[in-house]
Amino acid sequence: MFGKRSEGSAAPNPVADMSAEGDVATAPKPKAVKTVSAPEIEKVSTRVHNDPSDAYYETKATIFNALFETIDVSALAGMEPDAAREEIRMIVDEIIAIRNVRLSVAEQKQLIGEICDDILGYGPLEPLLMRDDIADIMVNGYKHVFIETNGKMEKTNVRFRDNQQLMNICQRIVSQVGRRVDESSPICDARLLDGSRVNVIAPPLAIDGPTLTIRKFKKDKLTLENLVEFESISEAGARVLRIIGACQCNILISGGTGSGKTTLLNCLTASIHPDERIITCEDAAELQLQQPHVVRLETRPPNLEGKGKIDMSDLVKNCLRMRPERIIVGEVRGPEAFDLLQAMNTGHDGSMGTLHANSPREGLARLESMITMGGFSLPTRTIREMIVGSIDIVIQATRLRDGSRKITHITEVLGMEGDVIVTQDLILYEMDGEDANGKIIGQHKSTGIARPAFWERARYFNLEKDLAQALDEAGAD
């Protein structure tokens, strides 16, 4: 039972035990302090420093252990978060006074905040999750936490108490979305409540302790206008993308890891008409669509008995029975590629998906490979004809060596010449060099195609004039 320890035992496992308590949420809301008196404790004169050190974590662990000798966890879990934090603050204040720990007001506030985060939140990760300028959080064991800001990697002074605390927080994260991570299932994809993507790999696969990777998303939903401000695409290029999304072209977004594929997909969906019914399929739900008529589906891993798995292919197949107008697959990585192409080719215009590839042509080749790996014994030409008949536009997102993210290709899929898929680039990003600070200088340019292959589709939606003007402006940039 959480909070009940034998004398001299190690620090308890608060996060795991709280998440495992089935009836905690329905518990009454009594005071969190137990009626039994805390044991007599010795005085501690360790001083806490703002710069984390071994002494700081030793002091924190001492107070943390004493807290769980005087707290009723089931009652605490039944409280509102603000009330629970206030209750913890009062108890910690008493413990600090009894133990005569010498702390300034700022130090005591910092310590109380961290203990509250340990019990109610995500522990040392909380300050990092609150920052909107961080794109990725990477935890390599309890001592090493890295972040990515502005495309650059840096190490932080954040650390966990030990690997057990880190594992507890990993279990808390994945349990919130019905997943699990332990020795029998050491790899898990999950998400935070705000949609941020989470990957956990635990021992014995991770040799140096649990490894946690969080791909954060900005609290404010980005738009194509924001991408223009970030110089990821030119203003004329953004107008072309907006028209592509509005006239129901089938879009494949290609790019490497961390290139901004999901962000770009979110931005493109802003062009979808509010009346359209959209169904999204993802391994971990992270898309942030802004339309009112959206159905979000998420895959499910097998249970402890190895049963009940629902994969992406199952979701895409089921989408076809749900009267979708657009199907959006968060990431195409397997046999679901065949089902997505079938959907695109059978009346679900405007469907979208992302995949990992370094160029538009490589993206189409990967799509072909995934269909082949799915066990479909189709001739190569048949698969390529299916790709040509389904995909209208391939958009390439790239993360450059200076950390910036650019849309480097807007490419049309035209047709077949023999057994070769024919494509043509509409807009390309051309690098001109770099400045004194190492920032890459370049610009987006039209390739001079005045009437792209989806011109008639744009005309159907009365967007051909806007398309012609946007392509002219892109050529003049």
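Throughout these legends, helices (H or I, at least four residues) and strands (E, at least two) are DSSP runs, numbered from the N terminus. The model is predicted, and local features need pLDDT of at least 70, side-chain atom pairs count only at pLDDT 80 or more, and totals for chains, interfaces and linings use all residues. Residues are numbered from 1 along each chain as its sequence is written, and side-chain values use heavy atoms, with hydrogens and water left out.

**View 1. The whole protein, with its 16 helices and 15 strands.** Of the 477 residues in the protein, 49% are buried, where buried means under 20% relative accessible area, exposed over 50%, and partly exposed in between (1.4 Å probe, protein chains only). Contacts (heavy atoms within 4.5 Å) between residues 24 or more positions apart account for 58% of those with a separation of 6 or more. The protein exposes about 22,400 Å², with carbon and sulfur atoms supplying 50% of that area, as computed by the Shrake-Rupley method with a 1.4 Å probe.

**View 2. Helix α9 and the largest nonpolar core.** Helix α9 spans residues 235-246, and its twelve residues reach 17 Å from the first C-alpha to the last, close to the 16 Å expected at 1.5 Å a residue; the expected span is 1.5 Å times one less than the number of residues. Nine of the twelve residues are buried, so the helix is largely enclosed by the rest of the structure; among them are R239, L241 and I244. A nonpolar core is here a set of buried Ala, Val, Leu, Ile, Met, Phe, Trp, Tyr and Cys residues joined through side-chain atoms within 4.5 Å, and the largest has 38 residues, with L241, I244, I251 and I410 making the most contacts inside it. The largest share of this core, six residues, comes from α9. A second, separate core of 33 residues includes L252, L315, A337 and L341. Beyond its neighbours up to four places away in sequence, I410 touches ten listed partners that include G237, L241 and I244, along with I393, V394 and L426. Following α9, Q248 has a positive phi, near 60°.

**View 3. Helix α13 and its buried face.** The 14 residues of α13 (residues 360-373) reach 20 Å between the first and last C-alpha atoms, close to the 20 Å expected at 1.5 Å a residue. Its buried residues are P360, G363, L364, L367, E368, M370 and I371. Seen down the helix axis, these buried residues fall within an arc of 160°, so they line one face of α13, the arc being that of the directions from the axis to the C-beta atoms. Just after the helix, G375 takes a positive phi of about 90°.

**View 4. Helix α4 and the residue that follows.** Helix α4 (residues 81-99) has 19 residues, which at 1.5 Å a residue should span 27 Å, and the distance of 27 Å between its end C-alpha atoms agrees. The buried residues of α4 are A84, E87, I88, I91, V92, I95, I96 and R99. Just after α4, N100 takes a positive phi of about 60°.

**View 5. C281 in strand β8.** C281 lies in β8 (residues 278-282) and, at 0% relative accessibility, counts as buried. Leaving aside neighbours within four places in sequence, C281 is in contact with L297, M312, L315, V316, C319, I328, V329 and G330. The C-alpha atoms of C281 and G353, which are 72 residues apart along the chain, are separated by 9.5 Å.

**View 6. The loop residues E231 and K439, which are in contact.** K439 lies in the loop between β14 (420-434) and β15 (440-446) and is partly exposed, with a relative accessible area of 42%. Apart from neighbours within four places in sequence, K439 is in contact with E231, D402, G433 and E434. E231, in the loop between α8 (224-229) and α9, is partly exposed at 45% relative accessible area and has a positive phi of about 65° although it is not a glycine.

**View 7. The aromatic pair Y460 and F461, with N462.** Rings of Phe, Tyr and Trp (its six-membered ring) pair if their centres lie within 6.5 Å, with planes under 30 degrees apart counted as stacked, over 60 as edge-to-face and the rest as tilted; by this rule the count comes to one aromatic pair. The ring centres of Y460 and F461 are 5.1 Å apart and their planes lie at 85°, so the pair is edge-to-face. Y460 counts as exposed at 67% relative accessibility, whereas F461 counts as partly exposed at 26%. N462, in the loop between α15 (455-460) and α16 (464-476), has a positive phi near 60°.
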